[in-house]
Structure formats: structure tokens, C-alpha cells
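Here are my notes for you to read beside the coordinates. They take the form of numbered points.

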Amino acid sequence: MGFWNKGLIRNVDWWLVACYIVLIFIGWMNIYASIHSSGTESIFDLTGRSGKQFIWMGASIVSAILILTVINPRIYDSISLPVYLLTIVLLVAVIFLGTEVKGSRSWFEFGPIRFQPAEISKISTSLLIATVMSQFGFKMNRARDFLTVAAAILVPMLIIIAQSETGSALVYVGFIFVLYREGLSGWLIFLIGMFIALFILTLTASPYAAVMVLAIVASFCNSSYTGAMKRWWTAYLPAFAVLGGLPFLLDHIASVTGGEESFAGRTEPLYILLAACAAVIPFLLFRAYRKRKPFTLLAAGSFIAGVILVFSTEFIFENVLQDHQRQRIEVLLGMKEDPSGVGYNVNQSMIAIGSGGLAGKGFLHGTQTTYGFVPEQSTDFIFCTVGEEWGFLGAASVILIYVFLIGRIIVQSEKSTESFTRIYGYCVASCIFMHLFINIGMTMGIMPVIGIPLPFVSYGGSSLLAFTVLLFIFIALKANDRHNFR
Amino acid sequence: MTADRKDRLLIGLGIAAAILIGRLFVIQIIDTSYKIDASNNSMVYQTIYPTRGIIHDRNGKILVGNKITYDLIVTPKEVGEFDTLALCRVLGISEEFLREKMEDYYRNRRKIGYRSVVMLKQLSPETYLKFAEVAYRFPGFRGQERSVREYPFNAGGNLLGYVSEVDQKYIDRHKGEYTAGDYAGMTGIEAAREKELRGEKGYAIFLRNSHNKIESRYRNGEMDKEAIPGNDITATIDADLQKYGQMLMQNKVGSLVAIEPSTGEILTLVSSPGIDVDVLADFGSHYSDILNDPYKPMFNRAVQAPYPPGSVFKLVNGLIGMQEGVLTPETEYPCHMGYYFGNSRLGCHAHRSPLDLEESIMMSCNAYYCYVFRSILENGKYASIGEALDKWDEYVRSFGFGRKLGSDFPAELGGTIPDAAYYDKVYGDGAWKATTVISLSIGQGEIGCTPLHLANLCSTIANRGYYYIPHIIKDSGNVTIDSKYREKQFTLVDTSYFPVVVEGMYRAVNSGYGSGGTATVAAVKGLDICGKTGTAQNPRGDDNSVFICFAPKDNPKIAVAAYVEHGSFGARWAAPIASLLVEKYLSGEISSSRKYLETRVLEGNLMDKVKPE
């Protein structure tokens, strides 16, 4: 094909390329820093991880150049479906043919090279989403269109969950931002967020508190949406105040009238609350039906779904989640304290980052990450090394580089004249964002321990290569933009 | 609509970034606790082990001391290429052993991480010096000083006890006091006085750099803690006597206990066969041999074996009879080769008849004590025989029988003395009479007492009516013993009844050959030994040979109990052994006229009479 684009130098977004180059070099240095105590002499030593990463960096840059110069970006739109289907085949095949690594079958092994189909799947899914949604006449609010996109996202996600790689599957949740950008109702995101909050609230506080919060939020949304805020302030809020005081009141009565055995002592406040709701909801629904207010129906439906979730939380937690996932959530929510068990990694990781202080200990002078206190220090926990040796200034800068990269992708996507490019760009931004937030959040104890890499920085060839391809397809698409008016 | 959705997403991105950077700010700048934890991570605490307290004997001889050995420590992460053959040669180990160890470390490399592990324990200083000269060739290997037990005197294996590395069970039992790698006393004095002997561990703090190399001492060692050595302890044991006692008991199964009557201090406590001190020093490697030994050398017969006392117990019955008023020193009973009741007979040996109390002790007449015991039980004072037996039981217990004496020796057992309730259970309520239990009169039947009990009985008679609780630790330096060991323990028998018993014991030994005295073999000129023989039935074979004695008669210095399983008559083995021990203690050597006896005892071997369990 040759050089299909004469204006390449002018049209490539050099800001993105610069961010990319900076990040992979930061990764390389920190991989060296995290392993140099174990006898690796030089950063280029090919027996060490930094040397291997250097080779992968070379391979990635070559791939990036090929994507920019050789491959015509026009073909992505047309090959996305076959590529997607091929990836699905690989994803399924790996369950049966893959090598088992740390309890999950998600790796193919060819001699010295290992790769995870899940890495490719991010690219192929992004391409397919872009293809589907950029089709002429696609409407997010039309059920058939929405279900097509949802299936494109959910199929690889579910297969990956079947591989016991729940962490990698979580990244796909990020595609919801793309759907939002393309017109999905914001209420859906709100609903999902709400349900996650309910799940956590039920586990950490009590089902009573969860249902209480659910009722307040549902009624508030309903009232504000239907323009009946006055009634909310005068009727709902006092009612909630009374109900909120109910457990304390019952406790008090029980202690006055004679302990656990009395009527008050045996009454569960939760059931009183639910009885009150059950009395009010039919009345509300009837009025909504009379006055044609579909939102109220929706709110009531969500409320009932939420209550069911609250009651099934324990079941999900005990029976659906796997042991290690349950433990990780328990540790994250502070329900269990175990600095040497599941929480050990996080605790050591936070110690390492915390000991960096403002300016850090300096390149290769970290003590925590180099002793092997932090496990997986060159892969998933690479940010510890950054935090310890480069301090707050360095670590915050790294985060800001990512934010700039993601923000730049979004802005460039918006500027694009082609909806394929725009949607693909949003997919790329979402992927990088999910990895960034989960990975760094995990090292600082605000996310459960989910083994996903930090894009461009973590050690690992297939991950680096996949992110490079993911990003440079966008750069290529964008560079080609103006010359391909439809 | 779409434009402001882009902005909302960008704002969301900004918020997410703010959360991450805010969190970063909190743990790196605001919260200092992570920095403190980090410094703990990079400090290396090296334990300094204290030297264990020394155990002296009553004369200041060292029974248990310490010697320096070295443990070879490996830090697998620091081990590079090295000459395995040279290392094996220096340490005297086989190549396979080293290879296995290194492979083991490699397999467990994740678990071991940057820590050090012990590869070889207790290298001798000579071996260590050889290693130290070439240590530079073996990075990752180093020696750690460690003091271990040394026994300059081959005496008292069983009573000293052994020291070994604590296991997980031991650590759990003593919450917070021990960690893996510590040593603790497991039996004997080492266990009983663990708290005094062990001392306090210290530590030295080092800093490591980011290459995991120890860089320097933390603040020049000002935060280090010195190890505090354990307290020395003085035992009441006489090391020479203990050693001599062990020689006398060699190749015999049984026990030999000597007590100083005026203090209750245990001079000698032999359980044979016992544990050699060489074995104690390296207990771990002999452990399975000891467990599998059919003669159970770990079993301390002196304080744990409940034996029937045999005729020695007649002394107790005689004293009780006098106290109860059913017997006077002048009371005479006939004996014609035994005591007849109903169609039964309790046999006796040939001697003249009738006998009075002194003579009954001297000649150990069985019939005499059947009469005595029967009159104790069939006493009109009491409503029933049961009540009389309970009274008798009470007397016997006041001598320390049937219960733990309360010595400071661990694992002491109490033995058994029957009471009325016991026989009611065996024969039915009231369905037994004096003749049913008549064998109690001569120390047979349902009586079990340890050699320590017998020695204590001897000590009580030597003191004419009281004893001090036998004990094995003396006051010294920082160690004081319980005040109960300084209190006289009186029996329920009046002290005025004891002299006649002492006289009988004197005559048993010193009446000369042919007089009918049972223990004339124990006589030593000028020592005034008073003794009583016993021959206890042993259902597993030949009778047990028993002898208790004290000397001199006035102001006794030593009271001894000897118990030899399957030794037949008391005069055959137990009496010579006990009297030789007394002679050794009081005279310092064995007189030439008794050398033949010493030779006979030292050469005597009764092991083939014993059927191991």
C-alpha cells in the first residue's frame, strides 16, 4: 500500500504520541527500579524484565509506525466484524486450550511468548462498537440498536468472566461512557451506580440503612422530575426523619420494657419500613397512572428492584462471588482486617507509596518496592515504585499525563468529522480510563485488588502491544480524518 | 445535548483524577504512619540470644553449663555461584545434603523472600573457624553464635532434663513468650526452672539499603537491647553422690533416692535406666531412639512409678498401732511360719517366736503385722471396719503417701492408698473384713508409692516424727525457694512413738550375722545405719528388692530409699546399694572390708530378669 497519506507528519496528533512515548519510558525505568536489586546489572540486560520490556517497546513502536504508515484506516470499519468474531473464537478456545496461570485459564503460550486474547478483545470490541454505532440511522433509544451494542459488549465480557478474569471484565463496564456520549439516558448510569452503592451499603451498614437511602433517593428523584418538590419537603422528608429514628426508638423501648423478649425487642425495624412503603407505593402508582406520569412508574420499579437487590445481596455475596473476590471486597470495605493476608499486598503497596513523601527517594533508591515487600511490583503494582521513588510530585505528574492523554483523546474525538473515529476514540478513552482508575485505585486501597495492568507502564509484552495498537489505530484514524470526507 | 455530555464526561474524568491525586496526597503527605511502617520494613532486627543460667550442685560443681556453637545461616537471595565441593569439605557435609537444601530453598523462594534460614545447627567452634577463614568465598552464608548446654559431669540426666527448640504447640501454649528458633527446657529442672534459667532475649537493629545489603547499625546501636543472661541455679544434688548412685544402679531397673533429713534436700535421685547427659546435649537427634527404648529411659521412676512398698510399710503400721493404743512396744505375738485366718495363711519365714515390736521390725515378721493391722481395724472405738480403715488412711496420708508430696520436681505422681469407699466399691458395701485387706499390713495389695515417698518415710523416721517436703533447688543468688520447704511437716503419730521403731531398724542392721536381723549386710562399722528391708511381690516375675535406711542413728545426715525391680529379697540388692551410698556420702570412700560388696553391685546385671513392656 505504501505511504497512503502524504500529510502524515502534519496530521498526526503529536501530543498523543508524546504522551505515549513518555509513558512507556516511565514504565521502563520503573520496571528496572523494581527489579534492579535482584541482580540485574543493566537496564538493557535481556535476562531481566527491563531488558525484555525494552524489546517489547521496540516491537510496539514498530507496530505503531506500521499502523500509521502502512495500514489504510479505511479498512477498520470493514474488518471489524470478522476480527471481532475471530477474537470471540480465541476467547472461547483459551478456556480449553490455554495455560493455567494463577487459577485462571486466559493465556495462550507459544514458546517464550504468552498473550491474553482478552487484550485483543478490547481492540476488537471497540472497533465493532464503532462500526455498529456509526451506521447510518443508528438510534440509541431504539431497542434493537441498543441490544445490538449491548450484546457486542456483553458477549466478550461474559466469556472473560467465565475465564475467572473478573477484573479484566470490569473494564468493559467503561463502555457505558461511550453509550452515554452517544445518547444513552443518564438515568441508566445513575441506576447502576445506585445499585452498586446499595450493595456496598447493605454489606457495610445494614439492609435497613440501604432501603432507607434507596427510598429517599427514589422519592427525591421522582419529586424533582415531576416537579413536586414542595410535597417532598413537607410530606416525605418528615416521614423519613421518623422512620430513620425508628431503630433507635425500638432499641430504647426494648431496653425500658424488658429487653430482647418484649414485643419491641423482637420487632425488626426493616419490616416496619417495608410495610410503610408497601402501603404508600400502590397509592402513588395509582395516581401516576391517572395523571400519566411514566417516570413515577419507573422510580417505583427501580425502588422495588433495589429492595430485591438488598435482600439478595447476602446471597450474591456468599454464593455468586468467588472466595478471593469476596475477601478482596471485605478487606476493601474494612469489614476484615488482615495485614498479612489478602490485604497484605495493598498494605505494603500503600506503605511503599506513602514512604515516598513529597519528592520521593530518588530513582533506584526506593527501599520498599525493591525488597520484595510489594508483590507483582513490576506488573500490577508498578505504581508503587513510581510513588516511592518519585514522590507525590512524580506520581501526581504521571496521573496528570494520563488525564491529559484521555482528555486529549476525547477532545480529538469530538473534533473528528467521522462518527466511526469519534466513537472509537471514546472507546479508547474509556478503556484507558478504567485501567488507570482501577489499577492506581487498587495500589492506594480505594479499589479492590483486581489484577489489571497500568496501560503503557506495567511490565508485560502483550498488554503493551495491545494498548499501543488500541491507541495508534485512533491516532491513524484521526490523522486520516480530513482527507476522507464522506 | 451531545456537547454538554462531552463536558460532563470531561468533568467526570477531572473528578476521578482529583480522587486519585487527593488519595495520593493523603497517604504521601498528610498521613505519616506509612513512613513509620516503611522504616520498620527497612530495619532488620537481629535477635541476640541470652546465655542460659548455669545449674550448680550443692557443692558448687557445675552440673549444666554452656558452650558456644554456631548455626550456619543462609540468605538464599544473596547466594551466587559457589564451589559446592569446597563448602561441603569445610562443613563436613555430603554434597547431596547441600544440593537438597539448596533445591528446597529454591522451591520455597517466594516464601523465604529476602529472609535468612538456618541450614546447619550447632557447628562446633573448630568447624566454624574453618568456615570463617573461607567465608568470603561463599556469599549469603554466615555463622550465628549460639550457646548450647554442656554437661561437664555425667550425673543426673533425668532430673536435669533437656533443652530443645520450641515447636509450634509450645509457642501457642506460652502466648507471646517464645518465637520460632527459641530454646526452652522441656523436662526436669530445665523445665521446672525455665523462667529463671532462660534469661531475656535482646536484639540489634541494622539498616539495609535498597540492595538489601546491611548497611549500618541503626543509630549506632543506641536502640539495641542487650540480652540478659538467665539466672544461675543451685541444685540440692550432690554431683559425686549422684554419679556414684547411677553407677550402683547401672544395669538394674529401679530407683535410688537420698534425702538430707534435716532439710528435705534431695541429695541423689536416680532412675535407672536413665538418660545419659551426652544424649541430653543433643536431644533432638536421639529423640526417636529414646521413645522406642523398651526400658523407657524418659520415665522417671523415682517420682512417677507407683510401686508396692513391701515390708518397709510395716514401720508405718507399727507407728499407727501405737498411736491408736492397740500396740505397745512390749506387745508380743507368735509366729509359726505365718498368720492363719480361716482356711488361709499369710506366710512368713523361719525365725524365733514370739516377738516384741522391736524384734518384729528387726526380723520383719509378717504374722506380727497381721495381728497389728487386724487390731487397728477391729478397734472398738470405731463403728465399723470401714471407719477404722478411713482413720488408718488418714494416718498413712499424713506421712505423705497417696498424694503428691509437693516437691519442686515436675511430673511428680501421688501414688495410691486405699480407703473404705474403695473396698466398698470393689467388694460391695461392708462386704469385706479385716482379713480381706490383710495384705495392707505388710505393704502389699492396693498400695502404690513412689521411691520418693519411701525416702520421705525414711527421712520422717530419721527425724523422729516429721519431714521437710523433699526438694531439688536451693536458695542462691537471685533464686529463692518457696517458704513451704522450710516448714516441718508432722505426721498424725506422736513423736514419742518413733524411738522404738528406730531401735528396731538399728537392730535389723547391726545385730550381726546369724542374729535374725534382716539387713546385716548393710552394716558399716561406725556409721550406725538404721534400716528396714522390703520384698515386694511383682506379678511380672521375681520380687522387687526394697530397702530404706538412714545414718547415723543420732543426728542423721542422709536417708535413702533403694528400689530394685526383680531384685528378690531386700537384703539381696537394695540393702547393699543403699548402704554403699550412705557409706560413700558419710565416709567419702568404701571401706576395704566392703569392697567385695561394691564389686558385686557394680557388676550385677538384672536386665535379663526384666521383661520390657
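1. Which residues does I577(B) touch, leaving aside those up to four places away in sequence? The contacts are L248(B), M249(B), L256(B), A562(B), V564(B) and V601(B). Bear in mind that this is a predicted model.

2. I577(B) belongs to the largest nonpolar core, which has 139 residues. I577(B) is among those with the most contacts inside that core, as are C458(B), C549(B), V560(B), A578(B) and L581(B). Helix α17 of chain B, residues 366–377, gives the most to this core: nine residues. Both domain 1 (46–234) and domain 2 (239–609) of chain B give residues to the core, so it lies between them.

3. Apart from this core lies another, of 105 residues. Its members include I423(A), A429(A), L454(A) and F474(A).

4. Chain B has an open sheet of five strands, in the order β12-β11-β20-β19-β18, with antiparallel pairing. Strands β12 (265–272) and β18 (530–538) form the edges, each pairing on one side only. On average, neighbouring strands are turned by 10° against each other, direction ignored.

5. Within chain B, β19 (541–551) and β20 (558–564) run antiparallel and are joined by seven bridges. F550(B) has A559(B) of β20(B) as its bridge partner.

6. Two helices of chain B lie across these strands. Helix α20 (451–462) crosses β11, β19 and β20, at about 145° to β20(B). Helix α22 (574–587) crosses β11, β12, β18, β19 and β20, at about 150° to β20(B).

7. In chain A, helix α13 (269–291) has 23 residues. At 1.5 Å a residue it should span 33 Å, and its end C-alpha atoms are 33 Å apart, which agrees. R292(A) follows α13(A), with a positive phi near 55°.

How values were computed
Residues numbered from 1 in each chain as written. Chains lettered and ligands numbered in written order. Predicted model: local features only at pLDDT ≥ 70, side-chain atom pairs only at ≥ 80, totals over all residues. Core = buried A, V, L, I, M, F, W, Y, C linked by C-beta atoms within 7 Å. Buried ≥ 20, exposed ≤ 12 C-beta atoms within 10 Å, placed from the backbone. Helix = DSSP H or I, 4+ residues; strand = E, 2+ residues; numbered from the N terminus. Domains from an automatic or database assignment. Contact = placed C-beta atoms within 7 Å. Expected span 1.5 Å × (residues − 1). Pairing = 2+ DSSP bridges. Axes fitted to C-alpha atoms, helices over the stretch in contact; angles between N-to-C directions.
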